[in-house]
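Colleague: I am new to this structure and would like to go through it by question and answer. Please show it before we begin.

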Amino acid sequence: MLRPSTQRYSVTRPLYSEDAFEDEHAKVYRKHKTFLHHVIQYFTYGFINCTSERAKNTAISLLPIIGWMKTYSFKEWLLNDILSGVSTGLVAVLQGLAFSLLASIPTWYGLYAAFFPVIMYFFLGTSRHISVGSFPVLSLMVGAVVTRLVPDEGLPANITAFEGLTKEEQRVLVSASLTFLVGLFQLGMGLLQVGFIVMYLSDTLISGFTTAAAVHILISQLKFVLGLTVPGFSGPLSIIYTLESVFTQITSTNIHDLVTSIVVMVMVLGVKEINDRFKSKLKVPIPIEIIMTVIACGVSYAFNFSENHGVDVVGKIPNTFESPIAPSLQVFQMAAVDAFPIAIVGFAVAFAVAKVYSVKHDYVIDGNQELIAFGASNIFGGAFKSLAASTALSRSAVQESTGGKTQVAGLLSAIIVLVVILGIGFLLEPLPKSVLGAVVIVNLKGMLMQVVTVPYLWKKDRPDSRQIKITIMFLFITYPACFFSFLFLIIINLSFLIFSPRCSVLANISGTDIYRDRKDYVNIYEPEGVKIFRIPSPIFFANIDFFRDKLKDAVGFNPLRILRKRNKAVKKMKKLLKKGELTLTSVPVLHPSEDESNMEDLDKPTDYSDLPIQVNWNAELPANIQVPPVNIHSLVLDFSVVSFLDISALKGLKAAIKEFIRINVDVYIVGCDPYIIEKLRNCKFFDDEIKTSIFFLTIHDAMLFINESHPPKTVSEKVMKTFGDCTSLICSFKD
């Protein structure tokens, strides 16, 4: 490759003012539509073009199950979904019991959260891999409202519906009504199409909130781990009062609860570490939580922990569902301020997890439909006294890692919960609550470990670290204040709505070093095989996904999807060559290696080792292998007006560049501010794939370098030898 520093260029062109430039180059004036015009067009288009196909698409968007059930492969997927559903169901049972303790309601109501919302999400949800049910942070937020309206000591709130109810029933009514209200908020936001709001909740904001909430959860579980009787506190400094009560009674610790909790936590943490380290070799993660629960139940029953040692156990679990109830409007009035943040947090966490799996498994999720799905799930669940539902990362990881392909696995997990509720729930009655507390604490590991990112962010990206610190500060002072701090930060982040710019693809004004939007001028030259892309704003957490989506639209393909298809094609060609079903013409055949383990991850660079050919991916491939062609060899990103880049955007940008590099598209960044380049260095942006040599001062510098690397007359020579027909292969030896 030529070294840019050895090249020289000169440009001779007229000196232009803006007026002179527009006089010489005809500009296309485009009529920009107003917001009112878009609204009118949206509704009139729906009525005028109401065809059967449009009606069908609308039905599929509202009931996604129609779409994926049509393509469901019973032969290939059903067994995986069954295994995944059973595994996930067992975990959901245990977590449902454990997380209900956080909400200060009887344990069996946590099981309802693993059943009723799952049924509704099965029909309405767009994610195929998340496990719907209770989530510790949501349970804690619900518990804060429950203990405020129905405190352990003193009189409950003046609510008419409380008349004639026990304290336990009053708490269940508050929890159910709050869940119903959360569902109404989520359903309303989904119908209003505001699913985009999750984009303006930065990763660091969510991390700070969940980290501090995890500290509250940890402290709230100490009374179960130590076997103490600690009243629930609410209001300012509640966390301090809880700690004071715990340490005041520390000498009354139940040694049986403490030892049981320590043994469970050590075993679960140890085996989970083994699962993470050897996940590539384990077909199914070791269900250590289930194993320890079974052992704890057996030991507790055998030695009668409840009566002989004063251990608090789960106790009676009704073997039937309770009748549905109507929510209390008075609870709505008193808990509305709390319900909105719960709705936002629940959706944000679920959407973030769903997005991870949708990218991994290459399908699309709809934020607005997810809001509708969770809204309907929580309304349905609230009517049956369920806890507020979202998803838990650990439970979703079980569903995905055990081979779950669709929400059929979720439905089967709900059936497992149903069997426990109606049939075998009595087996869990001797389970010590200290075991459930230990399970809750172990599941906080991921959230608590997020605190280690604060020093890194403080050094590299102080605005992000401030968001974490503000949220943690409010949560440590007073848990109810977290609602207001969270809303405050949401409002600040929503102010970034102004940074949703109009990205553009640039082209060259012939004979000059001037590059303008290709849609604005008639006589403009767009270099063959090159895309020049500009985003005229800072890039940060709120618009990085927008930037990546517009980039894919500009180039006309999804690079990650292309990479995965290429890797699958190479694996298939290796197998066909090995079996002798694919023959090479013009050259001898070299047999591929037996080891293909390095091809398991389809997101890694394509591995051509042991393949005795070089593949022209834009030509017709053999054996009916279909891979979309890539019509560019270079991509230029114009960063001349990018003045700011945060950590979230940096990660997204790095991932996007690597996706293009791995499908043999060279990426160049031009006009980048030196401050940003220095920040990229400090944040370890550069590696073996992304090097500092991709940066150029101007677009024209990069274009001249590209023309030297890919001269028009030798483009065909740069492309690898082509394939022949579907049964024979013309190829050449690799150097």
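Colleague: How many bridges join β7 to β8?

Modeller: This is a predicted model, in which local features need pLDDT of at least 70 and side-chain atom pairs count only at pLDDT 80 or more, while totals for chains, interfaces and linings use all residues. Residues are numbered from 1 along each chain as its sequence is written, and side-chain values use heavy atoms, with hydrogens and water left out. Strands are DSSP runs of E with at least two residues, helices are runs of H or I with at least four, and both are numbered from the N terminus; two strands pair if DSSP finds at least two bridges between them. β7 and β8 run parallel, and the number of bridges joining them is 5.

Colleague: Which residue of β8 stands opposite L637?

Modeller: Strand β8 covers residues 666-670, and β7 covers 634-638. On the other side of the pairing with β9, F695 has I669 opposite it. In β8, the residue opposite L637 is also I669.

Colleague: Which strands stand at the edges of the sheet?

Modeller: The sheet is open, has 6 strands with mixed pairing, and follows the order β4-β3-β5-β7-β8-β9. Two of these strands have a single partner each, so one side of each is left without a neighbour in the sheet. They are β4 (515-517) and β9 (695-696).

Colleague: At what angle to β8 does helix α27 run?

Modeller: β8 is mostly covered, as 4 of its 5 residues are buried (buried means under 20% relative accessible area with a 1.4 Å probe, counting protein chains only). Helix α27, residues 647-661, lies across both β7 and β8. Axes are lines fitted to C-alpha atoms, for helices over the stretch in contact, and angles run from 0 to 180 degrees between N-to-C directions. For α27 and β8 the angle is about 140°.

Colleague: Which helix gives the most to the largest nonpolar core?

Modeller: A nonpolar core is a set of buried Ala, Val, Leu, Ile, Met, Phe, Trp, Tyr and Cys residues joined through side-chain atoms within 4.5 Å. The largest has 107 residues, and V137, V142, V174, V417 and L436 have the most contacts inside it. The helix that gives the most to this core, with 16 residues, is α16 (329-361).

Colleague: How many residues does the other core have?

Modeller: This core lies apart from the largest one. Among its residues are V505, I562, I669 and F686. The other core has 40 residues.

Colleague: Is A414 buried or exposed?

Modeller: A414 belongs to helix α19, residues 408-424. Leaving aside neighbours within four places in sequence, A414 is in contact (heavy atoms within 4.5 Å) with A114, F115, V118 and I119. Its relative accessibility is 0%, so A414 counts as buried.

Colleague: Where is Q221?

Modeller: Q221 counts as buried because its relative accessibility is 1%. Beyond four places in sequence, Q221 contacts L101, L102, G437, V440 and I441. Its place is the loop between α10 (203-220) and α11 (222-226).

Colleague: What is the mean pLDDT of the protein chain?

Modeller: pLDDT is the predictor's confidence in each residue, from 0 to 100. It stays under 50 over residues 586-600 and over residues 714-735. In the protein chain, 81% of residues reach 70 or more, and the mean pLDDT is 81.

Methods. Buried means under 20% relative accessible area, exposed over 50%, partly exposed in between (1.4 Å probe, protein chains only).
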